[in-house]
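Welcome! Open your viewer, switch to a cartoon view and get ready to select a few pieces in turn.

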Amino acid sequence: MPKILLIEDDISFCKLLEKFLIKKEYEVIIAFSAAEARVAVNNQLFDLILTDLRLPDSDGIVLMTEFKASNPEIPVILMTGYSDVNTAVKAIKNGAADYISKPFNPDEVLLVITNALQTPQVQVPTKEKKVVKKQTATTENEFVRGISVASKKLLDHIQLVSPTDMSVLIIGESGTGKEIIAKSIHEQSTRKSNNFIAVDCGAIPKELAASEFFGHLKGSFTGAISDKMGYFEAANGGTLFLDEIGNLSYENQIQLLRALQERKIKPVGSNKEINVDIRIITATNEDLREAVKNGDFREDLYHRINEFSIQSPSLTDREEDLMVFADYFLEKANQQLNKEIIGFSPDVIRIFQNYSWPGNLRELQNCVKRATLLSRGDYIESEVLPTEFFQIEKQQNSKGNFSLSENEKEAIIHALSKAQNNKSEAAKLLKITRKTLYNKLKQYNID
C-alpha cells in the first residue's frame, strides 16, 4: 500500500482527495501547511508527496526543493491552478516528478501517481515500510484535533493540564464534546491506566445522589436489596467526570464538597469511611458564577472544582474545523453503516458552512450519519439533508449574510472578537478587504 503525503490547505478539497486515494488503496497522511508537512517528512517514510503549489506558509516549489534535497528518491507531484501551469512546468525541470492542474478528474490523478511511483529512479527503502490499513474511527470518544485558533487553544490547554492533578471545569454549550475533552485529559494523565467514570448529574434524583456517589449497604433504605459501590469508589485511582454539575441540588453540593475536601466517603448505611484518590473533572453549559451570585451554587464548591477552566468552543467559534469534523463523522458513519461514501458535494459543503449548528458537534454527527444512510452514490448530496437546512438558507438569503449594511460597529466588534483580534481573519468574516476594515476601525474609533 503506497504511502502518500498530501499537502493542501483547502480542507474540503483535501478531504475529498484523501477519501478518493484511500478508496484506491493508498495510505494517505494529510498536512494542511508546509510546517505540518516538514514534521511528517521528518517522522515518517513516504512513497510519494502530492503538494499544492500555493500554501499559506510556503511556496510549493520551495518546499519541493527542501524535500528533494533530503529525500531525493521520493517523487513530488505539484497541484496547480490553470494560471500556474507554466510555473509547474519549470518545476519539473527542477526535480518535480509531474504536475496536475486543477480542476482535475480522478483518472488523471491515478495515472499521474501511478507513473510517478513506477519511475525507475524512485526506490524507497523497504525494510521500514509497513502495510497499514485505512485509518478508521474506532472509538466513540476519540478526540479530533481541529485546525482553528479555538481548537489549537483547546488542545494547548488540554496538554498543559493533563499531567497535573488539578480539578478542571469544562465550560461550553450542549453538544460541543465536553465529555470527550474530559476523556482526553484522563488519557494523557498519570491516571490513564485506571478508571474514567462519567456521571450525568442531571439524570440523578436528589434523593438517590448520595447512594450513586458514595454507594450503600444492603437494607440501608427501601429498595437497597444488595450492597452497591458508588461512583467515587469506582473511580478510585482514576478520574471522576461530573457532567452538568450545575444540576445538583444544594444538599447534594454539600455532600460532594465534603467528599472532595476530605477525600473520604461513607456509603449510605455504613459507619466506615473509605479513602479515595480521584481526580475531579466537571462540566457545565451554564454560568456557574452567576449561579453562585444567585445562591444556587455553593461558592466554596465552585472554587474547589475550578482550579483550572477550559472553554469547549462551539462549532460557530471553530468554523475552519467544520469539514474536518464532518469528514471524521462520515468515516465513522461509513464504518457503522457498512457504506463507502467518499465525501460531500460542493453544494452540501456550502450549506453546511452557512448553517448555524445550534446543536454543535452532536447535531453535525447526527446529520452526517443520517445523510450517509440515505445516500446511494459516492457523495452526500443536498437532497438527503434535513428540511431545516433549507429553511435556514432561505432566511439567510432573504436577510443577507454577515455584512456591514446594518449595525456596522457591532458587526466589526463581533468579527474581531471571533477572530481573536486577527484583522485579516476578521476582514474575511466580514467579506471586506483589510484596508476597508482599517478605515472602518478608524471611522468608529474602535481600538
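This short tour visits a sheet, a helix beside it, and then a pair of helices. Keep in mind that you are looking at a predicted model.

**Stop 1: the sheet.** Colour the strands and look for the open sheet of five, which runs in the order S2-S1-S3-S6-S7 with parallel pairing. To find its borders, select residues 27-31 for strand S2 and 98-101 for strand S7; these are the edge strands, each pairing on one side only. Tilt the view a little: neighbouring strands here are turned by 20° against each other on average, direction ignored.

**Stop 2: inside the sheet.** Now select strand S3 (residues 48-52) and strand S6 (residues 76-80), which pair in the parallel sense over four bridges. Which residue in S6 is the bridge partner of Asp52? Show both side chains, and you will find Met79 there.

**Stop 3: a helix on the sheet.** Add residues 106-117, helix H5, which packs on the sheet and touches S1 (3-7), S3, S6 and S7. The direction of H5 makes about 175° with that of S7.

**Stop 4: two helices.** Finally, select helix H13 (residues 322-337) and helix H15 (residues 360-374). Their axes lie 9 Å apart and the helices pack at an angle of about 50°, so H13 and H15 are oblique to each other. The crossing of H13 past H15 is right-handed. Show side chains at the contact: among them are Phe325, Phe329 and Leu330 of H13, and Leu361, Leu364 and Val368 of H15. By class, this contact of H13 with H15 has eleven nonpolar, four polar and two charged residues.

How values were computed:
Residues are numbered from 1 along each chain as its sequence is written. This is a predicted model: local features need pLDDT of at least 70, side-chain atom pairs count only at pLDDT 80 or more; totals for chains, interfaces and linings use all residues. Side-chain values use heavy atoms; hydrogens and water are left out. Axes are lines fitted to C-alpha atoms, for helices over the stretch in contact, and angles run from 0 to 180 degrees between N-to-C directions. Angles under 35 degrees count as roughly parallel, over 145 as roughly antiparallel, 65 to 115 as roughly perpendicular and the rest as oblique. A crossing is left-handed if the near helix is turned anticlockwise from the far one by less than a right angle, and right-handed if clockwise. Contact means heavy atoms within 4.5 Å. Ala, Val, Leu, Ile, Met, Phe, Trp, Tyr, Cys and Pro count as nonpolar, Asp, Glu, Lys and Arg as charged, and the others, Gly among them, as polar. Two strands pair if DSSP finds at least two bridges between them.
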